[in-house]
Amino acid sequence: MADRLGELARRFTGLLGSDSVITDPVRLRTYECDGLTVHRTTPGLVVLPTTAEQIAAVVTECVRTRTPYVARGSGTGLSGGALPRGDGVLIVTTRMRRVLEIDVVGRRAVVEPGVTNLAITQAALPHGYYYAPDPSSQQVCSIGGNLAENSGGAHCLKYGFTVNHVLAAEIVTPDGEIVTLDALDPGYDLLGAFVGSEGTLGIATKTTVRLTRLPEKVKTLLAAFESTEAGGRAVSAVIGAGIVPAAIEMMDALAIEAAEASVRCEYPPGAGAVLIVELDGPEEEVAAEYAQVVDLCSEAFEIRIAADDVERAAIWKGRKSAFAAVGRISPAYIVQDGVVPRTALPEVLARIDALSAEYGCRVANVFHAGDGNLHPLVLFDDADPRAGARAEELSGAILDLCVRHGGSITGEHGVGVDKSRYMPRMFSEDDLDAMHRLRCAFDPWNLCNPGKIFPTPRLCGEVPGVRRGVHPLVASGEAELW
Ligand SMILES: Cc1cc2nc3c(=O)[nH]c(=O)nc-3n(C[C@H](O)[C@H](O)[C@H](O)COP(=O)(O)OP(=O)(O)OC[C@H]3O[C@@H](n4cnc5c(N)ncnc54)[C@H](O)[C@@H]3O)c2cc1C
């Protein structure tokens, strides 16, 4: 293996230049994990390409030598999707950070894969537009990672997830070809299949995204409730009344405590839960909906309205810092991500409380309440060797709860390596085979981000009805068959 990686390092140095290839073990360790630090592997080799052609050349070499490879953007993923392979190549897109075009008339932007989510909005703002999907990590996460994870954010309730905003993607396919997938292509929706494929169907090298017009009016309010159940009832009432807020986010008492300790957000004291509701659109519509929302939050003991952008930012500060803030109240924690039907929120939150008591682990809840996307933060003390395992078990029990209520084991963080073992809780073997067939159609050699999504590693020849493909390089005798 060392020989193969050594040979590849020499080849890549010739193709990309020596400053774009990392072989030094200390520097390689920088890339050993993503935002989910429990899974770590030092990559065999790291390359930092600057063009799609370089990525295609790297992938072609990987196929020729049967070397697995993994794409990485900013490494903020929370499911171990960008976890590298010790016997493989990590292809990092951080040097591909150009916004290539802002097309105001066409309401679209064309960007390289390493461009951060927020950089697209910053480039579009002077023209009165922005990029709507807004993961809390938007200052650092890359659009390539967003595509791979079909990322969401607080404002995706009204505006939709990444998949609703991607118009086209140039990708390097798992056999090293550069092709463009366009939403307007006739036939199968291959762009739709690519978005959310967690880096297993190829590497995005250029993306065209939709730009959204800035709303005429934005109104943000914070409502404080005695309990999450009361907050959950308000969420159902607002959506049930036909109102689709731009965002409707909930934090429970423990999440509020963490945020207070970290950023002093000064939410109403004594709240068992707070809801942040943001309405946007034409001024008159926002005014009418705002009055309705205040009525529907009748169980709230305090409602605050942001008078200007400064107050709006103050309301959002606690929510946006919540994940990191939990570090203030616990030495370690697991960020979980599951979905339940919105109407089940009060019951599910009460059950999470009961599970938390049963397992002896505190759980802070901060989540996209409007679309039932929970982010329970399971707190534990990593100095206690048994505490991590207990927290892990509790996390699994919460996911079971989501599935039992007709929900999902992930809303936006993806399956990656972390949740692959939970896939059989949602899908039958036949379902998994069907998904694997799609993967094999793109990557019959199982080299593109292998070991992710699927619980049991299998080769394409092992999926009923799927034959392992013969790569053109194999057919021409340039590479061996395996
Ligand atoms: C504090 C914090 C808050 C977060 N909040 C949110 C949130 O609100 N909503 C949300 O959805 N997520 C959130 N996340 C998760 C994460 O930021 C997103 O999943 C993000 O899209 C990952 O982007 P990245 O560039 O960091 O990707 P990486 O972590 O580098 O990679 C993620 C996956 O994408 C693949 N990939 C990367 N680049 C490409 C490419 N060019 N082509 C093909 N595949 C590629 C990788 O192989 C991997 O499977 C949060 C994370 C953190 C740490």
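## Exercises: helix H1 and the nonpolar cores

Just after H1, Gly17 takes a positive phi of about 100 degrees. The model is predicted: local features need pLDDT of at least 70, side-chain atom pairs count only at pLDDT 80 or more, and totals for chains, interfaces and linings use all residues. Residues are numbered from 1 along each chain as its sequence is written, and side-chain values use heavy atoms, without hydrogens or water.

**Exercise 1.** Find which residues of H1 are buried, and what covers them.

*Solution.*
1. H1 spans residues 2-16. Helices (H or I, at least four residues) and strands (E, at least two) are DSSP runs, numbered from the N terminus.
2. Buried (under 20% relative accessible area, 1.4 Å probe, protein chains only) are Leu5, Leu8, Ala9, Phe12 and Leu16.
3. Seen down the axis of H1, these residues fall within an arc of 110 degrees, so they line one face. The arc is taken from the directions from the helix axis to the C-beta atoms.
4. The face turned away carries Asp3, Arg10 and Gly14, which are exposed (over 50%).
5. The cover includes strands E1 (21-22), E2 (45-47) and E4 (89-92), and helix H3 (52-64).

**Exercise 2.** Place the largest nonpolar core relative to the domains.

*Solution.*
1. A nonpolar core joins buried Ala, Val, Leu, Ile, Met, Phe, Trp, Tyr and Cys residues through side-chain atoms within 4.5 Å.
2. The largest has 44 residues; Phe225, Val235, Met250, Leu275, Val293, Leu374 and Val378 touch the most other members.
3. Helix H14 (387-404) gives the largest share, 7 residues.
4. Domain 3 (215-329) and domain 4 (330-418) both contribute, so this core lies between them. Domain bounds come from an automatic or database domain assignment.

Conventions: Expected span 1.5 Å × (residues − 1). Contact = heavy atoms within 4.5 Å.
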